[in-house]
Amino acid sequence: MESYWFGDVEGRACEPAPGDPGLLAERIELLAGSGDACIPDWRIAVRCGALRDRAEYLERLRDAAFILAEKNLGRILQADHSGLIQMVRMLDQLDEVINLLTERSVEWHRATHPGFSRKRTLPADRTLIALIRQDADETLTGLLDEIERLRGQRSLLMKQVSRRAEEVLPNCSALAGGLVAARLAAEAGGIRELAVMPAASIQVLGAKTALFSHLSTGTPPPKHGIVYQHGRVHGARRENRGRVARTLSAKLAIAARIDYYRKCADQEFLLNAADAIRRAGRRE
């Protein structure tokens with residue numbers, strides 16, 4: 001007997017599965033998990049009388065697939081109940097908005113003050129926005145106020161992201177800092193996805209452009225992505241950065257598994273990992 005999503009077939013006899021899309025979705029999931037599912041063919045379903053034609057086959061399968069996708073999405077959202085990934089993505093969006101508005105403000109100010117150049121050296125206690133504000137009209141000043149407000153919100157959100165990461169990724173946060181740990185999880189697609197990811201993949205998370213360039217044109221492969229933000233990586237001598245990034249990524253791969261499955265900090269592991277990362281940076 002061969003089992004398909006639409007029913008069980010033995011010879012020309014067929015026992016159709018219940019037509020309810022929810023039950024069909026459960027059947028598909030059960031067959032996929034057991035490894036007993038055979039490759040479906042709409043002709044078999046029609047020949048044994050489970051379905052009338054190809055159109056009904058596709059319609060019934062589509063309805064079940066939608067329910068299954070909704071269920072899987074719910075599981076993913078429950079796995080990241082902390083909201084950490086959404087917080088990181090909001091932080092990235094704020095960065096984009098602030099940078100875009102600042103750039104437009106500079107262009108606006110330059111249009112009315114041709115002698116202005118953003119390349120001029122700024123005093124230690126002044127920002128570009130403060131410099132523009134000196135000669136800005138009322139409308140531009142109002143927009144500059146909004147940019148400053150968004151910057152304040154960004155700083156607040158950044159601290160919240162770091163604190164939340166320390167709660168749900170205690171080992172990764174202890175090794176790389178809360179913000180870096182949060183960005184790694186967001187880039188991986190979730191905490192579970194980060195936990196099952198090999199160290200080599202964690203090392204180049206956030207370096208998609210360089211990685212695709214390497215695969216398509218043969219340019220040198222990237223040595224690091226988001227992990228470059230770690231002080232031990234970007235602070236290492238150039239010839240040592242790759243080794244430090246590899247060591248850090250290897251320890252982060254273990255840390256992510258501890259975070260996902262045990263959900264608590266492992267102090268002994270953290271001490272050994274930090275020592276290994278320090279030694280990787282000092283090695284000649």
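In the predicted model, arginine 154 has a relative accessibility of 22% and therefore counts as partly exposed, given that the buried class ends under 20%. Its salt-bridge partner is aspartate 95, with the closest N and O atoms 2.2 Å apart. This pair connects distant parts of the chain, since aspartate 95 belongs to helix α4 and arginine 154 to helix α6, with their positions 59 residues apart in the numbering. Aspartate 95, at a relative accessible area of 19%, is buried, so that the two partners fall on either side of the 20% limit. The contact is also part of a wider arrangement, in which Asp92, Asp95, Arg154 and Arg183 are joined in a network of salt bridges.

Helix α6, which carries arginine 154, comprises 31 residues, from 138 to 168. At 1.5 Å a residue a helix of this length should span 45 Å, and the C-alpha atoms at its two ends are indeed 45 Å apart, so the expected and modelled spans agree. The N-terminal end of α6 is capped by aspartate 137, one of whose side-chain oxygens lies 3.3 Å from the backbone nitrogen of threonine 139. Along the helix, the buried residues are Leu140, Leu144, Ile147, Leu150, Leu157, Val161, Ser162, Ala165 and Val168. The elements that cover these buried residues include α4 (84-112) and α5 (128-133), together with α7 (170-176), α8 (178-188), α9 (191-195) and α13 (241-261). Helix α4 thus appears both in the cover of the buried residues of α6 and, through aspartate 95, in the salt bridge to arginine 154.

The structure holds 15 salt bridges, among them a pair within helix α4, where arginine 104 and glutamate 107 are three residues apart, about one turn of the helix. The side chains of arginine 104 and glutamate 107 meet at an N to O distance of 3.6 Å. Both partners count as partly exposed, because the relative accessibility is 45% for arginine 104 and 37% for glutamate 107.

A further salt bridge is formed between the side chains of aspartate 266 and arginine 262, with an N to O distance of 3.1 Å. Here the two partners belong to separate accessibility classes: aspartate 266 is buried, with a relative accessible area of 17%, whereas arginine 262 is partly exposed, with a relative accessible area of 47%.

Terms used
Residues numbered from 1 in each chain as written. Predicted model: local features only at pLDDT ≥ 70, side-chain atom pairs only at ≥ 80, totals over all residues. Heavy atoms only, no water. Helix = DSSP H or I, 4+ residues; strand = E, 2+ residues; numbered from the N terminus. Expected span 1.5 Å × (residues − 1). Buried < 20%, exposed > 50% of the residue type's maximum accessible area, 1.4 Å probe, protein only. Contact = heavy atoms within 4.5 Å. Polar contact = N/O pair within 3.5 Å; in protein donor to acceptor, adjacent residues only side chain to side chain. Salt bridge = Lys/Arg side-chain N within 4 Å of Asp/Glu carboxyl O.
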